[in-house]
Amino acid sequence: MFYFDYNATAPVMREAREAWLEATEKIHGNPSSPHAFGQAANKALTEAREKLAHYLGCHPSDIIWTSGATEANNMAMHHFAQTLPADAEVWISAIEHPCVHDSTKHYFGKRAKFIPVTRDGVVDLEWFTVEIADKRPGVVAVMCANNETGVIQPWREILAICQAYEVPFFTDAVQWLGKMPAKGLGDCDFVTGAAHKFGGPRGVGFLKAPHKKKINSLLFGGKQERGQRAGTENLPIIISMIAALDVREKQLAENHHQTRAEWKEKFEKLLLRHVHGTTIVGLNSPRLWNTTSALMPEGGQQRWVTRLDKAGFAVSTGSACTTGKEEPSHVLSAMGYKAGQVTQVLRFSSGWETTAADWEALEKCVVKVYSEIHGK
Ligand code: PLP
């Protein structure tokens, strides 16, 4: 079986599994307990916090552990809703993940404003520069890289503009972390991430938020995380997440992702050559080295997925959340694709374990399915 759905979730790497097992076996205490067992757990938790802060480039107290990115993104929006002035607008990109989009709509209703994207799937910087000069939102949220298209967003530029106007900037770094270096993310006021996208375990993530301002907790009943997130921290999976990030940061520092980008680019070139009528979404934009989003020729999106699946290739129709539900992608709609085109999209997303031969096998299989569907 060939797995090409890493943007939905990635297999847990050996180092992360081992770190989880070791922590489970050896660290029994609750980090909040006063005895030696508790102190040992608290020490391990502090070390994990310091490591993540080191990678992001922020203060360790900025880190709040969560159950994943959905919780972290909701927590951020909940906090803004509690602390921003009653008339403040929240600007988010039109291509945010549903957990940012829906929580913003929930808390801010009509005060949620969408930053448009270009046909290539990048936030419209011109629009943003003009609008922000005129009106100050309470916060701006733009993800680092899109989960459906892999298109990298100009988060550093947007951060600089926000800083110039003293507007807090929030970025969902879920698809960035472990694929691109974390360095610099700590300069953003709010950052979220999730371990299972880069080879860590499911059910753990974080919110990075300025430690000088206390975050309004979504949960009540405990003083953990400096009173910002009630509930006993799941230490083994936190340690496991950091073990996975250690591996990814090392691979990134050694530039192992550059060759992988070339394998994907070759796949795209062959796809365009051999599968007539294919469009690569965001072709002209900088994109993550692992993601290809393609509008396939007529033939039914689900039919493509089923046939590829039968042949041993797991691909997806879009985001993990819309897969199987046949909901048209709001990301492609925001990019200006028509309703009929939006339902033709397939997402191929690889991981660090994917080889050049895997990409070649995928290309051959897509061509075979194409000829079966179109009788050529
Ligand atoms: N943000 C982005 C960009 C994502 O891709 C995802 C998951 O696909 C999430 C947030 C939500 O992550 P989780 O489901 O791990 O909470």
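Which residues does Q344 touch, not counting residues up to four places away in sequence? The legends below take up this point first and then turn to other close-up views of this predicted model.

**View 1. The surroundings of Q344, a residue in the loop between helix 12 and strand 12.**
Not counting residues up to four places away in sequence, Q344 touches A294, L295, M296, P297, E298, G299, G300 and Q301. The loop that holds Q344 runs between helix 12 (339-342) and strand 12 (345-349). Because buried means under 20% relative accessible area, Q344, with a relative accessible area of 10%, is buried.

**View 2. An open sheet of 3 strands, with helix 9 lying across strand 9, strand 10 and strand 12.**
The order of the strands in this open sheet is 9-10-12, and the pairing is antiparallel. Strand 9 (279-280) and strand 12 are the edge strands, each of which pairs on one side only. Strand 10 (residues 291-295) and strand 12 run antiparallel and are joined by 5 bridges, and within this pair L295 has V345 of strand 12 as its bridge partner. Helix 9, which lies across strand 9, strand 10 and strand 12, runs at about 15° to strand 10.

**View 3. The packing of helix 9 against helix 13.**
Two packed helices are described by the angle between their axes and the distance between the axes. For helix 9 (residues 256-274) and helix 13 (residues 356-374), the angle is about 15° and the axes are 9 Å apart; the two helices are therefore roughly parallel to each other, and their crossing is right-handed. On the side of helix 9, the residues W263, K264, K266, F267, L270, L271 and H274 take part in the contact, and they meet A356, W359, E360, L362, E363, V366, V367 and Y370 in helix 13. Sorted by class, the residues of this contact are 10 nonpolar, 1 polar and 4 charged.

**View 4. K264, a lysine in helix 9, and the residues in contact with it.**
K264 has 3% relative accessibility and so counts as buried. If its neighbours within four places in sequence are left aside, K264 is in contact with R287, L288, W289, N290, T291, T292 and W359. Among these, W359 belongs to the helix 13 residues that helix 9 meets, while T291 and T292 fall within strand 10 (residues 291-295).

**View 5. The packing of helix 3 against helix 4.**
Helix 3 (residues 69-83) and helix 4 (residues 98-108) have axes 9 Å apart and pack at an angle of about 25°, and they are therefore roughly parallel to each other, with a right-handed crossing. In helix 3, the residues A69, T70, N73, N74, M77, H78, F80 and A81 meet C99, V100, S103, T104, Y107 and F108 in helix 4. The residues of this contact divide into 8 nonpolar, 6 polar and no charged.

**View 6. An open sheet of 7 strands with mixed pairing.**
Strands of a sheet pair through backbone hydrogen bonds, either parallel or antiparallel. In this sheet the order of the strands is 2-8-7-6-5-3-4. Strand 2 (63-66) and strand 4 (112-115) stand at the edges and have a single partner strand each, so that one side of each is left without a neighbour in the sheet. On average, and with direction ignored, neighbouring strands of this sheet are turned by 20° against each other. Strand 5 (residues 139-141) pairs with strand 6 (residues 169-172) in the parallel sense over 2 bridges, and V140 stands opposite F169 in strand 6.

Technical notes. Residues numbered from 1 in each chain as written. Predicted model: local features only at pLDDT ≥ 70, side-chain atom pairs only at ≥ 80, totals over all residues. Heavy atoms only, no water. Axes fitted to C-alpha atoms, helices over the stretch in contact; angles between N-to-C directions. Helix = DSSP H or I, 4+ residues; strand = E, 2+ residues; numbered from the N terminus. Parallel < 35°, antiparallel > 145°, perpendicular 65-115°, else oblique. Left-handed = near helix turned anticlockwise from the far one by under 90°. Contact = heavy atoms within 4.5 Å. Nonpolar A, V, L, I, M, F, W, Y, C, P; charged D, E, K, R; others polar. Pairing = 2+ DSSP bridges. Buried < 20%, exposed > 50% of the residue type's maximum accessible area, 1.4 Å probe, protein only.
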